[in-house]
Amino acid sequence: MTREKRVDNKEKKEKRVDNKEKRVDMNKNKRIDGRGPEELRPIHIKAGVLQRADGSCQVEWGNNKVLAAVYGPREAKPRHLQDTRKAIIQCRYNMAAFSVSDRKRPGPDRRSVEISKVMSEALASVVFVEQFPRASIGVYVEVLEADAGTRCAALTAASVALADAGIPMRDLIAACALGKVNGKVVLDLVKEEDEGGEADLPIAFIPSTGEVSLLQMDGHLTAKEFEQALSMGEVACKKVYALQRDALTQRYGGEK
Ligand code: ADP
């Protein structure tokens, strides 16, 4: 190992220890950024932010900044991708090289392919895909700044962008992440909590039916903690849903 690499690893280790120390302060019941365990970061959602896309949305969620753009429905190409019964949702999640403090290697990686896949599946559960046989709906998400919970911010933005494009949908999808830090279930982790915590559980709901459209888990939770996380997540997603609807109302008017 070169000297440079050793110094680099040492710095990373020190950063991890530092992050661990900054985790939830159990006595004060407060977290690294002063939030309570069930408190979301500030969220701002704006629909219709891009001129050239059919639909778009920008979400600022704490220190996350995410842009979603939708094109379509249009004929799926190459033709072997076409489904004669329904449209396919082709989602591409991308994290910009400048979105994290250490430059991220540009281009697709295992993580972005996985997130694109789970997002496509979640969005297909709300779009009336049967109305557009042989078509493709392209959903492009660029993460401009990342501070954990980006797949949830991305899914939240993508569903507003789909609605902004006028694509018929059963409902929006609202998402947020939960996790376990210092033995306690908390909502909406920041990066330091995500790295130092015991579990990370991104979850997305279809608010009108209460169906879960995305659920992943990294780490360990007991059955009781899992139940607690699910119910905390459902409450939080309803708050996110209200903000999504506000963003669409602001753009198009109508009842809230
Ligand atoms: P999510 O962003 O949905 O929580 P992860 O749990 O995989 O997804 O990632 C948590 C955070 O770790 C990201 O939001 C980002 O801040 C950081 N991160 C992820 N991938 C990289 C990477 N390749 N380089 C640097 N930081 C990264």
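**Notes on the sheet and its salt bridges**

1. E114 counts as partly exposed, because its relative accessibility of 24% falls between the limits for buried and exposed. The model discussed here is a predicted one. The salt-bridge partner of E114 is R110, with the closest N and O atoms 3.2 Å apart. R110 has a relative accessible area of 64% and is exposed. Both E114 and R110 belong to helix α2, where they sit 4 residues apart, about one turn of the helix.

2. The sheet is an open one of 5 strands with mixed pairing, in the order β1-β2-β3-β5-β4. Its edge strands are β1 and β4 (88-95), each of which pairs on one side only. On average, and ignoring direction, neighbouring strands of this sheet are turned by 15° against each other.

3. At the β1 end, strand β1 (residues 43-47) runs antiparallel to β2 and is joined to β2 by 5 bridges. Within this pairing, E60 of β2 has H44 standing opposite. Helix α5 (residues 223-252) lies across β1 and β2, and runs at about 35° to β1.

4. Strand β2 (residues 55-61) is largely enclosed by the rest of the structure, because 5 of its 7 residues are buried. On the side of strand β3 (residues 64-75), β2 pairs in the antiparallel sense over 7 bridges. V59 has V66 in β3 as its bridge partner. β2 and β3 form a hairpin with 2 residues between them, and in that turn G62 has a positive phi of about 60°.

5. At the β4 end the pairing is parallel: β4 and strand β5 (residues 135-145) are joined by 8 bridges. S136 in β5 has I88 opposite. Helix α2 (residues 110-124), which carries the pair of point 1, packs on the sheet and touches β4 and β5; the direction of α2 makes about 145° with that of β4.

6. D188 deserves separate comment. D188 is found in the loop between β7 (184-187) and α4 (191-196). With a relative accessibility of 1%, D188 counts as buried, since the cut-off for buried is under 20%. Its side chain makes a polar contact of 2.9 Å with the side chain of W61. W61 is also among the residues in contact with D188 once neighbours within four places in sequence are left aside; the others are R31, R35, E39, L40, R41, A177, L178 and E193.

7. The side chain of D188 also meets that of R35 in a salt bridge, at 3.6 Å from N to O. D188 lies in the loop between β7 and α4, and R35 in the loop between α1 (3-21) and β1, so this pair ties together parts that are 153 residues apart in sequence. R35 is buried, with a relative accessible area of 5%.

8. R35 has a further salt bridge, with the side chain of E193, at 3.9 Å from N to O. E193 lies in helix α4, while R35 is in the loop between α1 and β1, so the pair ties together parts that are 158 residues apart in sequence. E193 is buried, with a relative accessible area of 0%.

9. These pairs belong to a wider arrangement: R31, D33, R35, R41, D147, D188 and E193 are linked in a network of salt bridges. Over the whole structure, a search finds 17 salt bridges. Among them is the pair E114 and R110 in helix α2.

10. Helix α3 (residues 150-164) has 15 residues, and from its first C-alpha to its last reaches 20 Å, close to the 21 Å expected at 1.5 Å a residue. The helix is mostly covered, with 14 of its 15 residues buried. Just after α3 comes G166, which takes a positive phi of about 75°.

Terms used. Residues are numbered from 1 along each chain as its sequence is written. This is a predicted model: local features need pLDDT of at least 70, side-chain atom pairs count only at pLDDT 80 or more; totals for chains, interfaces and linings use all residues. Side-chain values use heavy atoms; hydrogens and water are left out. Buried means under 20% relative accessible area, exposed over 50%, partly exposed in between (1.4 Å probe, protein chains only). Two strands pair if DSSP finds at least two bridges between them. A polar contact is a pair of N or O atoms within 3.5 Å; within protein, one must be able to donate a hydrogen and the other to accept it, and residues adjacent in sequence count only if both atoms are side-chain atoms. Contact means heavy atoms within 4.5 Å. Axes are lines fitted to C-alpha atoms, for helices over the stretch in contact, and angles run from 0 to 180 degrees between N-to-C directions. A salt bridge is a side-chain nitrogen of Lys or Arg within 4 Å of a carboxyl oxygen of Asp or Glu. The expected span of a helix is 1.5 Å times one less than its number of residues.
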